[in-house]
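Student: I would like to go through this structure question by question. Please reason each answer through before giving the value or name.

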Amino acid sequence: MKRACLLFLLTLSLAFGSACGARINPPGDLSNEDLTVIGMSQVGAESDWRVANSESMKMVFTEENGYRLLFEDARQKQENQITAIRKFIQQQVDYIVLMPISESGWDSVLQEAKEAGIPVILVDRMADVEDESLYAAHVGSDFLKEGTLAVDWMESGFRESGDTVKIIHIQGTLGSTAQLGRTAALEEAVAARENWELLIQLDGDFTQAKAYEVMTAYLSSLPGEGDIDVVYCENDNMAFGALQALEEQGYRCGREGVSIITFDATRGALTECLNGKISLAVECNPLLGSLVEEVIQTMEAGRIPEKHRYVEERVFTKGDLTEALIACRDY
Ligand code: GYE
């Protein structure tokens with residue numbers, strides 16, 4: 001009885017389905033979903049910035065807001081991002097949102113998305129592709145501008161003394177837009193100023209652990225206490241790692257010692273700035289979820305979104321901060 005009933009229902013649904021021209025989707029195909037399906041490939045969870053960025057996306061792309069979010073964490077590997085994009089194409093998602101780990105290596109997979117008719121929105125970092133039509137829009141930060149803000153602050157701080165300014169540079173994931181922009185600003189400034197000296201460039205991969213490790217190794221390799229004026233860290237977590245390494249080896253950080261410059265300006269870094277240990281925090285806003293939604297809404301309405309959208313950002317020094325201000329910030 002039960003079986004007969006099931007068979008009847010199955011026959012009915014097949015007959016009804018084909019009469020209406022409805023498709024029977026292969027498993028995993030989400031093209032008939034009522035919600036707007038977003039396939040999102042996030043870099044990883046390497047920093048506080050990244051965690052805040054993922055949260056911002058998850059808060060906006062909810063079922064209540066009309067979305068099904070397929071979120072893939074690439075654990076900082078480009079090959080995982082490429083695999084995720086291919087899976088999204090198979091699933092026939094409506095949009096692909098990609099935070100590219102590095103700028104190069106995207107042409108073929110984005111071409112595949114284009115052929116499948118799925119618009120790609122780049123978030124945070126850029127992809128350096130031959131054909132700009134491979135992505136619909138980009139929402140993120142102007143990293144060269146952020147670097148320039150840091151360099152301008154150094155320029156004003158060290159202008160008085162004609163002494164040599166000795167700089168350690170801790171870089172983020174090599175080849176990522178955030179690294180390239182922030183590095184370019186510093187390298188150009190060093191090349192243009194006779195008394196700025198780059199002591200070393202260390203690869204910290206945007207993580208606290210790596211920055212701590214490379215900084216500890218570098219400081220230990222110096223014959224005695226090094227003469228260091230500035231440590232230019234390309235994100236907050238690397239600044240925390242560098243700060244720990246410096247303090248462990250007896251360096252003072254802040255006004256009377258080494259000036260630490262950081263990018264992101266998350267709550268932890270602003271607190272160290274208020275404590276006087278970080279000298280400058282350059283803001284990089286991770287809360288990009290609603291801007292990405294605006295892009296999607298524009299396309300849903302049949303209009304063409306702006307190709308690049310940059311968020312406004314500022315810098316913080318101790319004098320700009322209070323505990324209340326830090327507590328009010330969203331990240
Ligand atoms: O500064 C860093 C993160 O691309 C803006 O990536 C982002 C950078 C951010 O891991 O903390």
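Student: In this predicted model, how are helix H2 and helix H10 oriented to each other: roughly parallel, roughly perpendicular or oblique?
Tutor: H2 covers residues 48–60 and H10 covers residues 289–300. Their axes lie 8 Å apart and make an angle of about 50°. Under 35 degrees would count as roughly parallel and 65 to 115 as roughly perpendicular. The angle falls in neither range, so H2 is oblique to H10.

Student: How many residues of the contact of H2 with H10 are charged?
Tutor: On the H2 side the contact is made by Ser56, Met57 and Val60. H10 contributes Gly289, Ser290, Val292 and Glu293. These residues divide into three nonpolar, three polar and, as the charged part, one.

Student: Which residues of H10 are in contact with Phe61, leaving aside its neighbours within four places in sequence?
Tutor: Phe61 is one of the residues that touch the most other members of the largest nonpolar core, together with Ile96, Trp106, Leu110 and Ile121. Its contacts beyond four places in sequence include Ile38, Met40, Tyr67 and Leu69. H10 spans residues 289–300. The contacts of Phe61 within that range are Gly289, Val292, Glu293 and Ile296.

Student: How many residues are in the other core?
Tutor: The largest nonpolar core has 45 residues. Another core lies apart from it, with Leu202, Phe206, Ala245 and Ile278 among its members. The number of residues in this other core is 38.

Student: Which strands are at the edges of the open sheet with parallel pairing?
Tutor: This sheet has six strands in the order E2-E1-E3-E4-E5-E11. Neighbouring strands are turned by 15° against each other on average, direction ignored. An edge strand pairs on one side only, and the two here are E2 (67–73) and E11 (308–310).

Student: Which residue is the bridge partner of Val139 in E11?
Tutor: Val139 belongs to strand E5, residues 137–140. E5 and E11 pair in the parallel sense over three bridges. The partner of Val139 in E11 is Arg309.

Student: What angle does the direction of helix H3 make with that of E1?
Tutor: Two helices that pack on this sheet can be taken in turn. H2 touches E1 (36–42), E2 and E4 (120–124), and its direction makes about 160° with that of E2. H3 (residues 78–90) touches E1, E2 and E3 (95–98). The direction of H3 makes an angle with that of E1 of about 170°.

Student: Which residue in E4 is the bridge partner of Val97?
Tutor: Tyr95 and Val97 point one way from E3, Ile96 and Leu98 point the other way, and all are buried. On the E1 side, four bridges join E1 to E3 in parallel, and Gly39 has Ile96 as its bridge partner. E3 also pairs with E4 in the parallel sense, over three bridges. There the partner of Val97 is Ile121.

Student: Which strands stand at the edges of the sheet with mixed pairing?
Tutor: That open sheet consists of six strands in the order E7-E6-E8-E9-E10-E12. Two of them have a single partner strand each, so one side of each is left without a neighbour in the sheet. These are E7 (196–203) and E12 (315–316).

Student: Which residue in E9 stands opposite Val230?
Tutor: Strand E8 (residues 230–233) contains Val230 and pairs with E9 in the parallel sense over three bridges. Helix H5 (residues 143–158) lies across strands including E8 and E9, running at about 160° to E9. The residue opposite Val230 is Ser259.

Student: Is Thr262 buried or exposed?
Tutor: Thr262 is found in strand E9, residues 259–264. Beyond four places in sequence, its contacts include Cys233, Asn235, Asp236, Ala269, Ile278 and Val282. Its relative accessible area is 0%, and the limit for a buried residue is under 20%, so Thr262 is buried.

Student: What share of the residues of the chain count as buried?
Tutor: The chain has 11 helices and 12 strands. Its C-alpha trace spans about 90 × 40 × 35 Å along the principal axes. Of its 331 residues, the share that count as buried is 50%.

How values were computed. Residues numbered from 1 in each chain as written. Predicted model: local features only at pLDDT ≥ 70, side-chain atom pairs only at ≥ 80, totals over all residues. Heavy atoms only, no water. Axes fitted to C-alpha atoms, helices over the stretch in contact; angles between N-to-C directions. Parallel < 35°, antiparallel > 145°, perpendicular 65-115°, else oblique. Contact = heavy atoms within 4.5 Å. Nonpolar A, V, L, I, M, F, W, Y, C, P; charged D, E, K, R; others polar. Core = buried A, V, L, I, M, F, W, Y, C linked by side-chain atoms within 4.5 Å. Buried < 20%, exposed > 50% of the residue type's maximum accessible area, 1.4 Å probe, protein only. Pairing = 2+ DSSP bridges.
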